[in-house]
Amino acid sequence: MKAKRNTAAKILLIAFFLYLFLVSIGLMGKAFKGFGAGFAENLIRTTSNPFIGLFIGILATSIIQSSSTTTSIVVGMVGSGVLTVGNAVPIVMGANIGTTVTNTLVSLGHFTRRDEFRRAVSAATVHDFFNLICVAIMFPLELATGVLQKIATCMSSAFADFGGIKFTSPIKIVTQPAIDFVKHFLIDFSGLPNNVAYILMLVLSIMILFFCLFFIVKLMKALVVKKVEAVLDEVLRKNALIGIVGGMVFTAIIQSSSVTTSLLVPLVASGVITLDVAFPITIGANIGTTGTAILASFASAAATGNVSAIVIAFVHFLFNLTGAIFIYPIKIFRRIPISLAQSLGDLASRKRGYAIVYVLGLFFVVPTLLIIISKYLK
Amino acid sequence: MFKNLLSFWKGKDFLAQVLDEFKDMLDDTRLMYEMVCSTLLDNAEEPDLKKKIYEIDDKVNNLQKKIRTRIVEHLTLQPTVDVNACLLLMSVVKDAERLGDYCKNLYEVTEIVEKPIDRALFSQYFNGLDKDIMTLFERTKEAFIEADEGKAETSWEYERRIAMRCDRILREIAKSNLSVNEAVCFALIARHFKRITAHLTNIATSVILPLSELDYFDERRIVE
């Protein structure tokens, strides 16, 4: 009985944080719109270099360790019109690379046992290499053809034709009063200058977004982890397709690929599962994590009426789906991230400092330097 | 279909699953002991005994690995839940695995014994010790699975009597006129009986001993 009450309380809290999350996306859209055309032009100009966009995505996500947060903010920006879909695509791709920092940091926890450390580093970095390869293929392809954007636009227009905006209207009905309340309070009653009020609104919305995602992930994990454990053997010891679907569903529920991939690290490190078993689950997590941005895009579209938010969310989904479809089924392609991860694991186990150099280099130093260089060259 | 999906979703609780597997380990080792004793001491015909014993021992070893795997999975997913139970299980599965090994060692005595053991002579030394150990198998299982402190205390008492008896048997054999083969076989049986009893008692007393004191029930007895 007590357990049932606990579960009910958790579900109610999740619903509450989900509501706040949708409100925060709406608020963010209002705040960006409030900054005016000058701000939008400036931001669009800054991110017009796709390489800068890519490195901003890597750096921002590595710092906040959540691609869901980065992509939700990007969705909010696109929805409010301060960022174009084209400029947002590289940021989303960068976020995909940046999000892999969390499980790589988790692998460093196995530092003291050489063989365990080797397996842990391999398990963590297979996600990095997979995403790096996806970006290496899709980033130039997207720049040259805009294929992902085109498909996503088709999908979202079909969505709009079938009443996409109408579909999101229930979200608007429930979130609009809260958004209006905060907006009226900050703009009309606080007596603050408009610019300051909008900055405050933006800061508040990002804080709420962080806070909500943190608690949604925490509560969802607590809610489903027992069930996951009960069916873990079914996922781990069956075929790769079940692994992909399992990783996708688990991540879509808890809304964090970092949690899924970080859980795989100790399992591989301790030898419970092999890297080949962990890899499809990681790919599934990559797809599952796009659910948060899609949810945010509905809220953004509801608040602003702009379907572009849904387009960028679909680009994120398609990017991860394409990677899974084109890399995993072909054995020779599939072996590339696995072999690279194993090589890095071997290297890191021989000279453990390399793992730290790798983390700092890939996620922080290189993106920062390249952003500075790109700006300087400009 | 829906029923299947529901049962898949409901799954089985970690502890219930591990306890079931641990119970299987105890049942399997008890069966090994029973089969070996009936061949060794009652001269019962058991075709392919060696194959059967080694197969069951393999099964026991695999169950140990399976339980360890489940524990790692559980602590990865829920690092703060059932930590003590996991550490305790990690310790007792080792004891259960050792039970399998000692039953196997006991079987090996059947391969070196030159003529069928004279039950009357055996009873003169062992005085129903084999039956006591069989009872201890049952009590240990009940004590552990039901977390019954009373039964755990009883097992502890059993161990004391059996261990003392085994030590006395060795002293008696050393002074006896038994043939070399009989003396070696009886000494080995006494030794293996004592080890089996100790491992069973490790399992039973895990119900009452603090985690840090596991396996040191004899030291605890001196203190008490």
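**Exercise 1. Contacts along chain A**

What share of the contacts in chain A with a separation of 6 or more comes from residues 24 or more positions apart?

*Solution.* Keep in mind that this is a predicted model. Start by counting two residues as in contact if their C-beta atoms, placed from the backbone, lie within 7 Å. Next, set aside the pairs with a separation under 6; of the contacts in chain A that remain, 84% join residues 24 or more positions apart.

**Exercise 2. The overall form of chain A**

Work out whether the radius of gyration of chain A agrees or disagrees with that of a compact globule.

*Solution.* Begin with the chain length: for 378 residues, a compact globule would have a radius of gyration near 21 Å. Then take the value for chain A, which is 21 Å, so the two agree. For the extents, the C-alpha trace spans about 65 × 60 × 40 Å along its principal axes. Now add the secondary structure: chain A has 17 helices and zero strands. Finally, look at burial, where 50% of the 378 residues in chain A count as buried.

**Exercise 3. One helix up close**

Check the span of helix α4 (residues 67-80) of chain A, and describe its surroundings.

*Solution.* The helix has 14 residues, and at 1.5 Å a residue it should span 20 Å. Its end C-alpha atoms are 20 Å apart, so expectation and model agree. As for cover, 14 of the 14 residues of α4(A) are buried. Step just past the end of α4(A) and you meet A:Gly81, with a positive phi of about 85°.

**Exercise 4. Finding the cores**

Which residues touch the most other members of the largest nonpolar core?

*Solution.* This core has 108 residues, and the ones to pick out are A:Val74, A:Val92 and A:Ile312. Helix α10 (residues 194-236) of chain A gives the most to it, with 13 residues. Now follow A:Val74: beyond its neighbours within four places in sequence, its contacts are A:Leu83, A:Ala88, A:Ile91, A:Val92 and A:Ile312. Another core, of 48 residues, lies apart from the largest one, and includes B:Leu40, B:Leu99, B:Phe122 and B:Ala190. As background, nonpolar side chains tend to be buried together in soluble globular proteins.

**Exercise 5. Where the chains meet**

How many residues of chain B are in contact with chain A, and which element gives the most?

*Solution.* First the count: twelve residues of chain B contact 13 residues of chain A. Then the elements: α1 (2-10) and α3 (49-77) of chain B each give two or more residues to this side. Of these, α3(B) gives the most, with six residues. Lastly the make-up: the side of chain B that touches chain A has five nonpolar, five polar and two charged residues.

Terms used
Residues are numbered from 1 along each chain as its sequence is written. Chains are lettered from A and ligands numbered from 1 in the order in which they are written. This is a predicted model: local features need pLDDT of at least 70, side-chain atom pairs count only at pLDDT 80 or more; totals for chains, interfaces and linings use all residues. Helices (H or I, at least four residues) and strands (E, at least two) are DSSP runs, numbered from the N terminus. Ala, Val, Leu, Ile, Met, Phe, Trp, Tyr, Cys and Pro count as nonpolar, Asp, Glu, Lys and Arg as charged, and the others, Gly among them, as polar. The radius of gyration is taken over C-alpha atoms; the globule rule is 2.2 Å times the number of residues to the power 0.38. A residue is buried if 20 or more other C-beta atoms lie within 10 Å of its own, exposed if 12 or fewer, and partly exposed in between; C-beta atoms are placed from the backbone. The expected span of a helix is 1.5 Å times one less than its number of residues. A nonpolar core is a set of buried Ala, Val, Leu, Ile, Met, Phe, Trp, Tyr and Cys residues joined through C-beta atoms within 7 Å.
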